[in-house]
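User: Hey, could you walk me through this model? I'm new to reading structures.

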Amino acid sequence: MSQPLPTPESLPLNALKEQRELTAAMLDLIGALIVILDAQGRIVYFNHACEQLTGYLRQEVQGKYAWDLLILPEDVASIQAIFDNLIPDNFPQPCESCWVTRDGDWRWIAWMDTVCLNEQGTVEYVIATGQDITERKQAEKALLELATLNQAILDSANYTIISTTVDGTISTFNRAAEKWLGYSASDVVGKTTPALFHDPEEIVERSHELCQELNTPIQPGFEAFVAKARRGEIDEREWTYIRHDGSRFPVLLSITALYNSDNQIVGFLGIGSDIIIRKQAEQSLRDSQHFSQRIADTVPGILYLYDVIEQRNVYANRSTVELLGYTPQDIQDIGTDFMSHLVHPEDIPHILEHQKHLTTLTEDDHLTLEYRMKHANGEWRWLRSRETVFSRTVAGLPKLLLGIAEDITDYKRVEDVLRQTNEDLEQRVEQRTADLENAHKQLRFHVENSPLGVIEWDSQFRVQGWSKQAERILGWKAEEVLGKQFNDWQFVYPDDFEFVHQKALNLLNPESPPEIIENRNLTKDGNVLYCQWYNSVLFDESNAVVSILSLVQDQTERKHDEEQLQQLNQQLQRSNQELEQFAYVASHDLREPLRKIRSYSDLLVKRYQGQLDERADKYIGYITDSVIRMQALITDLLTYSRVSRNELVLEPTDLGEILQQTLTDLSPAIEENQAIINTTHLPIVQANSLQIGQVLQNLIANAIKFRREQPPQIDIKADCQDDFWQISIQDNGIGIDPSYSDRIFAIFQRLHYREEYPGTGIGLAICQKIVERHGGKIWVESELGQGSTFYFTLPVV
Ligand code: ADP
């Protein structure tokens, strides 16, 4: 309970001290801070409020300089300056300063300083009365910070923020608005919107709209913007802003009303966002999505996102339809059964193993793997995937894999075929190698067992190989001659050396034709061998000698045989000549006595036929027949021996002429047998005309003689064959059994009885001898009963 204060008149004079203490008590009571300092700044008085504020007791501070205890270090100098220059006129003066409390905290205090002067009129005491304003200061600071923040927000916003008073006077115009519209805040704040940067037509249009919408007249002005906000709605729509330079751009303007604490509208706030940027952003997002989609749909393969944690496909592009027959939706629907449904069971462990490696994969790494997936039609397709980690869990584990899979089924097939082919090839190579080894063995075997000695030489004619047979033939062992040239040892018979040397040089010429060389060699024992050499040289593309192979055959025995044969031939020729001489002499010399026998037997017939008995007549007939036959035989034999006896003079001879002469000679037989003879043009040949005439005569006479019932038809032709003329005489006679076709050319060989067909059996033997002397051949082609064709050849002139 407060008591009424005693008035000064009621106080006794000695009660001044008490009065002071009372004042102090009153001051304490109102909570004011009171500190009294002497003119040097020492604390003289420190009231209770000061004690409570600072935590110091009066006794502790009394006599201490204020700045030693209470003043912030940064303020000390300015406080001391006041005490250094205490001018009474400067007081009373207000000031705000901070006091430091005992526990280091500090408080803001608003001071009112006054001074007490002594009798000289100088300052004796400074009395400071203070109020703790710390809370107020803090509130002020917070307010300031908030205002700064608001301004910063306004300034940094990427929106135009324009606020107005209720009547449309612009009160805020932020940085973005300045930037976008080209006005500075100071230009527009205080001016009325919307006239400044809005399109009047648009405002009219909007006010019409609002009239309709709100069913109340709206003036085409500021009201068109705020009518809805005024009704507590947020009005958001597109407007056109006109820049200071006249250019225009669309904004999305959102207008709200601003209320005071009494919920009264105090203004409006319009926030505009640049639609162009948003539209551009939207477009570029759409573009980039489209781009990604296009990439995804055009990449040659399945592009997919796979959730390794949930083991399911998250995304697959359209190629999935093409490659696997599933739509992306089908794949989604398979869900977490993805692996077990689609991947080949044999490949799953491999894939899971692969996924373990993903943990250590960095952003740029990728893994490749091959596996089979089931096509919607049930087929297995081989895929090759390249995968990378697309996203991870918070713990850093791979979550989504981005991969691209290409169908390598065809490639795998080709690979299989290739592998198979390779295996086959390897097998074949092995087989070939084995075959080659075998062939090599066989070759070795044959080389070693050949009756020919096999010798291999290098281009310098140094021995490289020397077979066993070469050892057997020549007596020299391989080790004695290997590496030696053929003139390094007594190998070639000295008389033949020059010849052999020349032939060896010829061999080295790739142009020279291969030839068989015969020369004499010496065996190790010094025996002379007649050897036949078959040499062949292998040249490379540049005609350098690769190797020379010689096959050598010991011909010594054959040589001896030949010599013997030659001797025998000579003997035979001699005896043949003697025989022919004999035949000639015999047939020639026999003709005379035979003619006599014939004359006398004719006489016997003439004179004594019928006078002797019948048997004698028969005997005389036999003698006459035999003599006639013997004469014919001797004539033919003489003809035969003359063929080789007479020297053969060959000259161009017109066969056609010879044939005509022959036909003339044979005309009686032709007429008698009604033979038809067809001839073609016959050539001129190199021949002896008499003898060839004889051949034609014999063959045509036979063709007439060995006839059948029907009249003989004989075709005579000539065909040129390379160097020979081939003459043919074809008849339609009795023909010859082909087994006799050689025999009939032998002397005295006949196939018929004389009674059937007369003749001596020498005609064809003569023909053969003549034709062979002319260097030709004669033969027959025939079938019994089918006619015969005799052929003979003569050299072309
Ligand atoms: P020849 O005519 O004197 O009997 P050849 O030496 O001329 O003797 O003929 C030998 C044999 O060849 C004849 O006896 C005959 O049997 C047979 N011969 C020859 N020419 C013909 C032919 N054109 N048709 C059938 N047989 C033939």
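Analyst: Sure, we'll go through cores, helix pairs and a few loop residues. This is a predicted model, where local features need pLDDT of at least 70, side-chain atom pairs count only at pLDDT 80 or more, and totals for chains, interfaces and linings use all residues. Residues are numbered from 1 along each chain as its sequence is written, and side-chain values use heavy atoms, with hydrogens and water left out.

User: Cool. How many residues are in the largest nonpolar core?

Analyst: That core has 38 residues, and Leu696, Leu699, Ile700, Phe790 and Phe792 have the most contacts inside it. A nonpolar core here is a set of buried Ala, Val, Leu, Ile, Met, Phe, Trp, Tyr and Cys residues joined through side-chain atoms within 4.5 Å. Buried means under 20% relative accessible area, exposed means over 50%, and partly exposed is in between (1.4 Å probe, protein chains only).

User: Which elements give two or more residues to this core?

Analyst: Among them are α22 (655-665), α24 (689-705), β24 (713-721) and β27 (788-795). Helix α24 gives the most, with 7 residues. Helices (H or I, at least four residues) and strands (E, at least two) are DSSP runs, numbered from the N terminus.

User: What is leucine 696 in contact with?

Analyst: Leaving aside neighbours within four places in sequence, leucine 696 is in contact with Leu655, Ile658, Leu659, Thr662, Ile729 and Phe792. Contact means heavy atoms within 4.5 Å. Apart from the largest core lies another one of 27 residues, including Leu37, Leu53, Phe83 and Trp99.

User: Switching to helices. At what angle do α20 and α21 pack?

Analyst: Helix α20 (residues 556-608) and helix α21 (residues 614-645) pack at about 155°, and their axes are 8 Å apart. Axes are lines fitted to C-alpha atoms, for helices over the stretch in contact, and angles run from 0 to 180 degrees between N-to-C directions.

User: So which way do they run relative to each other, parallel or antiparallel?

Analyst: Roughly antiparallel, given that angle. The cut-offs are under 35 degrees for roughly parallel, over 145 for roughly antiparallel, 65 to 115 for roughly perpendicular, and oblique for the rest. By class, the contact of α20 with α21 has 15 nonpolar, 8 polar and 8 charged residues. Ala, Val, Leu, Ile, Met, Phe, Trp, Tyr, Cys and Pro count as nonpolar, Asp, Glu, Lys and Arg as charged, and the others, Gly among them, as polar.

User: And what about α9 and α10, how do their axes cross?

Analyst: The axes of α9 (residues 200-214) and α10 (residues 222-230) come within 8 Å and cross at roughly 35°. Ile203 and Leu210 are among the α9 residues making the contact, and Ala224 and Phe225 are among those from α10. That contact has 6 nonpolar, 1 polar and 3 charged residues.

User: Now the backbone. Where is the cis peptide bond?

Analyst: The cis bond joins phenylalanine 91 and proline 92, with omega about 0°. Proline 92 sits in the loop between α5 (73-84) and β3 (93-100). Most peptide bonds are trans, and most residues other than glycine have a negative phi.

User: What is phi for phenylalanine 461?

Analyst: Near 60°, a positive value in a residue other than glycine. Phenylalanine 461 lies in the loop between β16 (453-457) and β17 (463-466).

User: Is phenylalanine 461 buried or exposed?

Analyst: Phenylalanine 461 counts as buried because its relative accessibility is 10%. Phenylalanine 748 also has a positive phi, near 65°, but at 42% relative accessibility phenylalanine 748 counts as partly exposed.
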